[in-house]
Number of protein chains: 2
Amino acid sequence: MPTNLQILLDNRPTTEATLGNFKLVTCETPALQDDQVLVRHHFLSLDPYMRGRMNDTKSYTAPQALGQVMGGGTVGEVVESRSPLFVPGDKVVGMGGWQTFSVVDATAPGALRTVDTTHVPLSYYLGAVGMPGVTAWYGLRNIIEALPGQTVVVSAATGAVGSAFAALAKTRSCRVVGIAGGPAKCQYATRELGFDACIDYKLHADAASLSGALKEACPDGVDGYFENVGGMVLDAVMLRMNDFGRIALCGMIAGYDGNPMPMNYPALILRSRLRIQGFIVTEHLDVWPKALQELGELVASGKLRPRESVAQGLAAAPEAFLGLLKGKNFGKQLVKLI
Amino acid sequence: MPTNLQILLDNRPTTEATLGNFKLVTCETPALQDDQVLVRHHFLSLDPYMRGRMNDTKSYTAPQALGQVMGGGTVGEVVESRSPLFVPGDKVVGMGGWQTFSVVDATAPGALRTVDTTHVPLSYYLGAVGMPGVTAWYGLRNIIEALPGQTVVVSAATGAVGSAFAALAKTRSCRVVGIAGGPAKCQYATRELGFDACIDYKLHADAASLSGALKEACPDGVDGYFENVGGMVLDAVMLRMNDFGRIALCGMIAGYDGNPMPMNYPALILRSRLRIQGFIVTEHLDVWPKALQELGELVASGKLRPRESVAQGLAAAPEAFLGLLKGKNFGKQLVKLI
């Protein structure tokens, strides 16, 4: 059996996550039992939610166990199978974790899914045509309920969720405005991702200033907001929300690493009669087939051309992950493992 | 024509509202034109929303104009009519404002409504069977969507909205827990209003302590919360919300008088997948007939026996209003004008 590289959670961060929280180890992959499949991972997905799991606190998923392989989404290829459901060569997406191989029980529902790479590159199943894409789809359609002509805003605009959000919003004839960090990301958002405008939050020292920029970019106000960030950005957008606006809340990356970030103007929820709703896309599996079909068509037709930040080799995963938490990535953050 | 006493907004508060913001004046009621009605007010309603209108800021209603009669709900009796729709002696509810008489255009939709005082005292049409009652009804039914067996919480529990909320929640077989200020209000909530438990927020110095008391009172967590207060109370309840909990946000009295009060744990919206929604009951006129019917039946059957704080005479209105903002009232705050 091949040698497997793994990254374990060695200890929990007290404030900011650091490289010292992780540990790289080597082990042998075990021999397969009946109904098991050995998958060689091509790509590992790095996602903000992983930071929350590093803490030992109540959340919507159990904390990452200490001394165990870090969890995470993977795409790869079946290299050995003792299951009738998979044959070597199958391209598959699953939750293989931060390691180069995984042994998967093929009978566990949803553990492994075969994907077609004819029109969609394998890595996209971790981004635009995977969990981040479906997240954008669910928030836009089921919470924001965007209508043609309305203005919708998304933070972390050039990330995996933001890119998909823009393409989905444009096909619904919305005005879509992004918020991102730095001129390169903002240019990329408007030139490549279809955003009508993109605001560089790093140019603004406080919510009032950022809110002023939003007023220019959204002359008719904001009808829907997809929140990935929290903190000052949330305050600024709330100040510009139209009456009866909707906010889909799916990430608060600004607060993951330290103290909770307050929402400074909750009275706006009343004044503007807003609806704010948190969600986790893995709790809405019923929508995935429909969402993945639309996202796959957008990719195949060239309307969604997401960018990827690719770190090379498993050992590079911790540093790439810490960079993601600080917004250093540009597009979907992946680790290439082959 | 009779002499009319009026209270005008003389100047706007800079921080706390004070008696000096108001001015009492006397004038003659004008002679009626065709389709006009002269109403003698029996009771004026004092409500927290009036504080918001005293500021000259964007809100869901236009600011109260300076030098004009303070707006407000009234019940009274038609004393003269040049409209075929009303005759002297009719008991009516309307928005007559802080004055002893009003001249009303009877053709304006919704300006004046005749009410039946056979089973419901006239003053209740400003409280339990009026706007506050419908507010509780809408929040419980259309936002919290309470189901039998669920636990619902309301702040300002002994006020007009809270009293109605408790009666409505009990008829839906919910566990209903109140939050109020002081032992007298809490005793009244459990002994008279049907609350299963009531927590005195004044015994708690911070959200963590109040949240601990809520944990005892709500052993199965909180499924729905009706928010009238904001600030520390909102933080404390959010810490106890169950997954997929709903928060109806209809008042933030804690922040009306000064600086905005932050929501300190917005990440809980994501972690617990909460839905928070602000609303103004006057924007949902379609539900009023159904809500008023249920509320009237609860009063007639003795299941809703709201308490009233009654100030005597129009000149007492400003002081009663300032007391309301500080929670000095006990039950629905009214001013008796006859």
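In strand S7 of chain B, the bridge partner of Val93(B) is Arg113(B), a pairing that belongs to the antiparallel association of S5(B) with strand S7 (residues 112-114) of chain B over three bridges. The model described here is predicted, and the points below move from this local pairing to the sheet shared by chains A and B, the relation of the two copies, the domains of chain A and a helix packing in chain B.

**Strands S4, S5 and S7 of chain B**

- Strand S5 (residues 91-94) of chain B also pairs with strand S4 (residues 74-81) of chain B, in the antiparallel sense and over four bridges.
- Within the pairing of S4(B) with S5(B), Glu77(B) stands opposite Lys91(B) of S5(B).

**The sheet that runs through both chains**

- An open sheet with mixed pairing is formed by twelve strands, in the order S10(A)-S9(A)-S8(A)-S11(A)-S12(A)-S13(A)-S13(B)-S12(B)-S11(B)-S8(B)-S9(B)-S10(B).
- The edges are taken by strand S10 (197-200) of chain A and strand S10 (197-200) of chain B, each of which has a single partner strand, so one side of each is left without a neighbour in the sheet.
- From one strand to the next, the twist averages 15°.
- Where the chains join within the sheet order, strand S13 (residues 275-278) of chain A pairs with S13(B) in the antiparallel sense over three bridges, and the bridge partner of Gln277(A) in S13(B) is Arg275(B).
- Towards the edge in chain B, strand S9 (residues 175-180) pairs with S10(B) in the parallel sense over four bridges, with Ile199(B) of S10(B) as the bridge partner of Ile179(B).
- In chain A, helix H4 (residues 183-191) lies across strand S9 (175-180) and S10, and runs at about 170° to S10(A).

**The two copies and their contact**

- A turn of 180° with a shift of 0.0 Å along the axis lays chain B on chain A with an RMSD of 0.0 Å, and the two copies are thus related as by a two-fold rotation axis.
- The contact between the chains takes 26 residues from chain B and 26 residues from chain A.
- On the side of chain B that touches chain A, the elements giving two or more residues are helix H7 (267-271) and strand S13 (275-278) of chain B.
- The residues on that side of chain B comprise 16 nonpolar, seven polar and three charged.
- Because 100% of the interface residues of chain B are also interface residues in chain A, the copies meet through the same surface.

**Domains of chain A**

- Chain A is divided into domain 1 (3-127 + 306-336) and domain 2 (131-282), and the C-alpha centres of these two domains lie 28 Å apart.
- Contact between the domains of chain A involves 16 residues of domain 1 and 16 residues of domain 2.
- The side of domain 1 of chain A that touches domain 2 of chain A has six nonpolar, six polar and four charged residues.

**Packing of helices H2 and H8 in chain B**

- Helix H2 (residues 131-144) of chain B packs with helix H8 (residues 288-300) of chain B at an angle of about 105°, their axes being 9 Å apart, and this angle makes H2(B) roughly perpendicular to H8(B).
- H2(B) contributes Gly133(B), Val134(B), Trp137(B) and Tyr138(B) to the contact, while H8(B) contributes Trp288(B), Ala291(B), Leu292(B), Glu294(B) and Leu295(B).
- By class, the contact of H2(B) with H8(B) consists of seven nonpolar, one polar and one charged residues.

Methods. Residues numbered from 1 in each chain as written. Chains lettered and ligands numbered in written order. Predicted model: local features only at pLDDT ≥ 70, side-chain atom pairs only at ≥ 80, totals over all residues. Axes fitted to C-alpha atoms, helices over the stretch in contact; angles between N-to-C directions. Parallel < 35°, antiparallel > 145°, perpendicular 65-115°, else oblique. Contact = placed C-beta atoms within 7 Å. Nonpolar A, V, L, I, M, F, W, Y, C, P; charged D, E, K, R; others polar. Least-squares fit on C-alpha atoms with pLDDT ≥ 70 in both. Pairing = 2+ DSSP bridges. Domains from an automatic or database assignment.
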